[in-house]
Amino acid sequence: MKCLNNRAESHLSGEVECELETVRNGAWVNHGYCGSPPPPARGVSTIYGPQTLFQDSTEGVYTADTPGRAPEEPPSSNQSLMKGRRGCCSFIKGLWGTALTENVSNNREQFVRTTIRELLVYLVFLVDICLLTYGMTSSSTYYFTKAMTDLFVNSDADTGVKFQSISTMADFWTYAQGPLLAGLYWTKWYNNQSVQGGDRSFIYYENMLLGVPRMRQIKIKDNSCKVHQDFRDEIVGCFDVYNEKKEDELSFGLVNGTAWSYHTEKEVKGSSYWGLLTTYSGAGYYQDLNRTREESADVLKELMENLWLGRGTRAVFIDFSTYNANINMFCVIRLVVEFPATGGAIPSYQIRTVRLIRYISPWDYFILACEMIFCLFILYYIVEEILELRIHKFSYLKSIWNILDILVILLALVAIIFNIFRTIKVDKLLGKLLQNPDIYPDFEFLAFWQMQYNNMNAVNLFFAWIKIFKYISFNKTMTQLSTTLGRCAKDILGFAIMFFIVFFAYAQLGYLLFGTEVESFSTFVKCIFTQFRIILGDFDYDAIDRANRVLGPIYFVTYVFFVFFVLLNMFLAIINDTYSVVKEELSSQKDELQFTDIIKQSYMKTFTRLKLKKEKISDVQKALQSGSKEIEFKDFRETLKEMGHADHEISAAFSQFDQDGNQILDADEQERMKIELEEKRDALNAELNNLGENYQTDKPVTSKEPKSPTFVDQDQFLGLSRQVVSIEACVENITSRIKLIMHKLALQEKAAGNKLAEKPSAAWEDNDLLSMNPVSDGSASGGRILVCVDRATKPEMPPRKPALRYNSAYNSHM
């Protein structure tokens with residue numbers, strides 16, 4: 001009832017102040033949603049004292065009567081200081097206001113609004129981090145990698161040896177002196193004309209070879225293993241599998257260069273490498289090639305003739321780097337050939353295409369701006385996390401979403417630090433390379449950490465996208481996934497133990513049965529992934545059958561039956577059953593405040609404000625129509641006063657058009673008022689039409705659960721409000737008259753009781769009808785009321801009508 005009949009504000013001044021803004025959220029809180037505060041209780045005085053329902057306000061807004069307040073004391077210096085601190089805290093809370101820093105537990109609307117605000121800010125952050133992540137890569141990266149792979153891995157020599165087909169040391173030297181040198185040195189065009197680049201090589205005429213390539217090998221000591229005594233006479237020398245502690249550190253061969261002398265990892269400035277067989281250190285024997293093909297061919301020939309590779313060699317590394325200025329990309333290539341203790345050779349390669357030099361093109365400078373914005377966002381979220389941790393202490397870490405927030409911030413800080421380090425390191429390395437182009441440029445270290453940086457950004461971006469679920473969790477549809485997983489977590493965990501017992505049992509069985517012949521079962525780890533692939537339908541049954549013709553089919557059939565048809569479907573059954581229960585529970589819950597409700601409320605506020613303004617204009621027009629050629633202020637005031645308008649608003653509207661100040665509106669002044677009112681009314685009608693049609697307010701109730709309140713049209717609301725005020729006045733009058741009637745009935749019954757005590761038998765025969773004097777209040781209309789009063793009957797008396805009829809004249813005002 002706070003908004004009741006509030007149409008007294010003058011709209012001729014163009015100001016629109018609605019009572020909706022004074023009651024704040026309370027006027028539009030949908031109490032059908034859980035978490036909404038209960039509606040304010042109405043006082044009894046609003047029924048029996050309708051004259052105190054409204055009071056004039058200096059702001060032109062009607063408000064309900066409130067208890068009297070004590071006079072305010074002048075603020076002291078301490079109070080001013082507290083206000084200043086409170087204002088600072090309010091600013092911080094407003095800037096970093098979240099659902100965890102503000103008290104939104106009892107206000108569903110505020111919670112939704114705060115969450116939407118957080119979501120909008122976070123979406124800007126997400127767009128920024130996406131630009132950064134995708135700005136560091138390009139589609140050209142793939143084609144650059146493919147070009148280098150085709151040239152150095154898939155190209156073959158005249159003898160048909162390719163890098164991937166290397167199986168012996170002889171094949172390695174054939175590849176090194178053929179496809180490797182041909183791919184490294186491009187100094188002539190296809191018509192044998194020299195490339196204009198001096199002595200520098202431009203691979204594919206576009207990719208400059210940086211510095212010179214390097215070859216490095218790792219050897220194992222002789223007699224690093226023991227030979228059985230039965231074979232010691234026939235077998236001389238024993239070289240164990242690779243172990244860093246068994247590396248050979250002695251000089252050998254020509255002993256006159258780096259290729260024949262051992263160098264530690266620190267001296268080589270190398271790093272360890274994770275190969276197919278094991279992890280190798282960054283130490284060993286190395287040889288740098290030259291800037292021309294002829295000189296490099298001589299170096300390789302010398303190494304081959306002097307048996308640079310021997311029985312103790314366990315791995316050979318070929319490292320070089322190229323740079324493409326067209327796309328500003330570095331390609332760091334490492335070709336590895338591992339020589340296991342079993343003999344033979346296992347080739348592998350690693351090609352990393354990275355962008356190490358930043359900020360060249362306009363797009364790069366745009367990414368720089370995004371990086372600065374990203375740093376500001378990280379600083380913003382750091383302050384936000386500190387505030388939330390300060391409020392909630394260690395209980396803040398109980399939520400997985402809060403832990404995800406901290407993880408995203410930590411990864412972002414690491415990314416920022418590495419970006420700065422990478423920029424400094426690249427500038428230093430390139431400066432050293434330009435001063436001495438005949439050295440080997442070690443971009444392997446930077447390329448490795450650049451790839452880790454890219455991987456970290458990819459993971460961080462993944463978490464950033466997942467974090468969106470935190471902000472859309474206020475919608476019950478969006479919470480079905482998290483609720484389902486949370487409900488069935490214990491069941492899945494318990495059943496997973498049984499699943500993996502069976503799964504690992506089959507993995508061990510497959511490793512022992514087929515590990516010696518089938519590559520996908522050669523290690524226990526490969527067995528695990530092979531069995532996951534079998535679940536997805538990717539398997540090689542013929543290889544299993546060839547490895548063991550009896551146990552192979554038995555293994556395959558039983559594994560598919562128990563793991564795929566039974567255990568895996570049990571997982572799906574648990575999740576499906578839990579999802580059905582969760583969906584049923586969510587469907588039976590009350591509808592909570594949604595984002596669409598916020599939009600609807602904003603629409604209704606705007607629509608109601610315009611309707612109120614239109615109604616006030618209509619009241620003024622009615623006042624003008626009810627007057628004569630000249631309207632006095634007294635008549636104008638009384639007409640609008642009956643419609644619920646305040647005195648100061650009526651005076652303001654009247655004085656605006658009363659140009660001569662005689663408290664009378666003549667015909668010209670009335671005409672000007674009518675014209676302006678009509679213009680404003682037409683403008684309001686157009687604005688209302690643009691807002692669209694009203695929401696439907698009459699909706700059938702189909703369940704016994706409380707439904708969310710609906711909005712009524714303002715015309716209906718104002719009409720009902722007037723009726724309620726009239727009914728309140730009538731009820732008060734009727735109540736006082738009923739009390740008077742009941743008092744007189746009590747006196748009459750008392751007198752009749754005395755007579756019945758004296759003459760009990762005659763009371764039932766002769767005193768059935770008693771009359772009362774008519775009750776009149778001076779405004780009777782001659783109406784008569786039949787009042788029936790039940791009397792207690794005695795058990796020994798025969799049943800008769802126990803009512804006494806009283807005829808009374810009663811008048812009422814309705």
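The following exercises, each with a worked solution, concern a predicted model.

**Exercise 1. Helix α17**

Task: Determine what end-to-end span is expected for helix α17, and at which residue the helix bends.

Solution.
Step 1. Helix α17 covers residues 551-588, which amounts to 38 residues.
Step 2. The expected span is 1.5 Å times one less than the number of residues, so for α17 a value of 56 Å is obtained.
Step 3. The C-alpha atoms at the two ends are 54 Å apart, in agreement with that expectation.
Step 4. The helix has a bend of about 25°, located at N569.

**Exercise 2. The buried residues of α17**

Task: State which residues of α17 are buried and which helices they pack against.

Solution.
Step 1. In the part of α17 that precedes N569, the residue of the bend, the buried residues are G552, Y555, F556, Y559, V560, V563 and L567.
Step 2. The list continues with F571, I574, T578, V582 and L586.
Step 3. These buried residues pack against α13 (480-487), α14 (489-514), α15 (524-535) and α16 (541-547).

**Exercise 3. Two residues, Q531 and T558**

Task: Decide whether Q531 is buried or exposed, and establish which residues T558 contacts beyond its neighbours within four places in sequence.

Solution.
Step 1. Q531 belongs to helix α15.
Step 2. Its relative accessibility is 0%, and the limit for a buried residue is under 20%, so Q531 is buried.
Step 3. With neighbours within four places in sequence set aside, the contacts of Q531 are F503, Y506, A507, Y555 and Y559. Among them, Y555 and Y559 are also buried residues of α17.
Step 4. T558 is located in helix α17. Its relative accessibility of 26% places T558 in the partly exposed class.
Step 5. Under the same exclusion of neighbours within four places, T558 contacts Y506 and V563.
Step 6. T558 and Y506 are separated by 52 residues in sequence, while their C-alpha atoms lie 9.4 Å apart in space.
Step 7. Y506 therefore appears in the contacts of Q531 and in those of T558, as a comparison of the two lists shows.**Exercise 4. A nonpolar surface patch**

Task: Identify which residues make the nonpolar surface patch and which helices each supply at least two of its residues.

Solution.
Step 1. The patch is made by F500, F504, Y511, L512, F524, V525, F529 and F532.
Step 2. Its area is about 750 Å².
Step 3. Helices α14 and α15 each contribute at least two residues to the patch. One of the patch residues, V525, is placed in helix α15.

**Exercise 5. Salt bridges**

Task: State how many salt bridges the structure holds, and examine the pairs formed by D438, D319 and D538.

Solution.
Step 1. The structure contains 12 salt bridges.
Step 2. D438 pairs with R291, and the closest N and O atoms of this salt bridge are 3.2 Å apart. D438 sits in the loop between α10 (400-435) and α11 (444-466), and R291 in the loop between β5 (285-288) and α8 (293-305), so the bridge ties together parts 147 residues apart in sequence. With a relative accessibility of 46%, D438 is partly exposed.
Step 3. D319 pairs with R334, the closest N and O atoms being 2.6 Å apart. D319 is in strand β6 (residues 313-324) and R334 in strand β7 (residues 329-338), with their positions 15 residues apart in sequence.
Step 4. Both partners of this pair are buried: D319 has 3% relative accessibility, and R334 has a relative accessible area of 5%.
Step 5. D538 and R533 form a salt bridge through their side chains, at 3.1 Å from N to O. D538 is partly exposed at 41%, and R533 is likewise partly exposed at 39%.
Step 6. In addition, D405, K467 and K470 are linked in a network of salt bridges.

**Exercise 6. Positive phi angles**

Task: For V255 and N328, state what phi value each has and where each residue lies.

Solution.
Step 1. V255, a residue other than glycine, has a positive phi near 55°.
Step 2. V255 lies in the loop between β2 (207-219) and α7 (265-268). Its relative accessible area of 47% makes V255 partly exposed.
Step 3. N328 is not a glycine either, and its phi is positive at about 55°.
Step 4. N328 is found in the loop between β6 and β7, the strands that hold D319 and R334 respectively.
Step 5. At 8% relative accessibility, N328 is buried, whereas V255 is partly exposed.

Notes:
Residues numbered from 1 in each chain as written. Predicted model: local features only at pLDDT ≥ 70, side-chain atom pairs only at ≥ 80, totals over all residues. Heavy atoms only, no water. Helix = DSSP H or I, 4+ residues; strand = E, 2+ residues; numbered from the N terminus. Bend = angle between axes of the 7 residues up to and from the residue. Buried < 20%, exposed > 50% of the residue type's maximum accessible area, 1.4 Å probe, protein only. Contact = heavy atoms within 4.5 Å. Patch = residues over 30% accessible without salt bridge, like charges linked within 9 Å, V, L, I, M, F, W, Y side chains within 5 Å. Areas by Shrake-Rupley, 256 points an atom, 1.4 Å probe, with all protein chains shown as cover. Salt bridge = Lys/Arg side-chain N within 4 Å of Asp/Glu carboxyl O.
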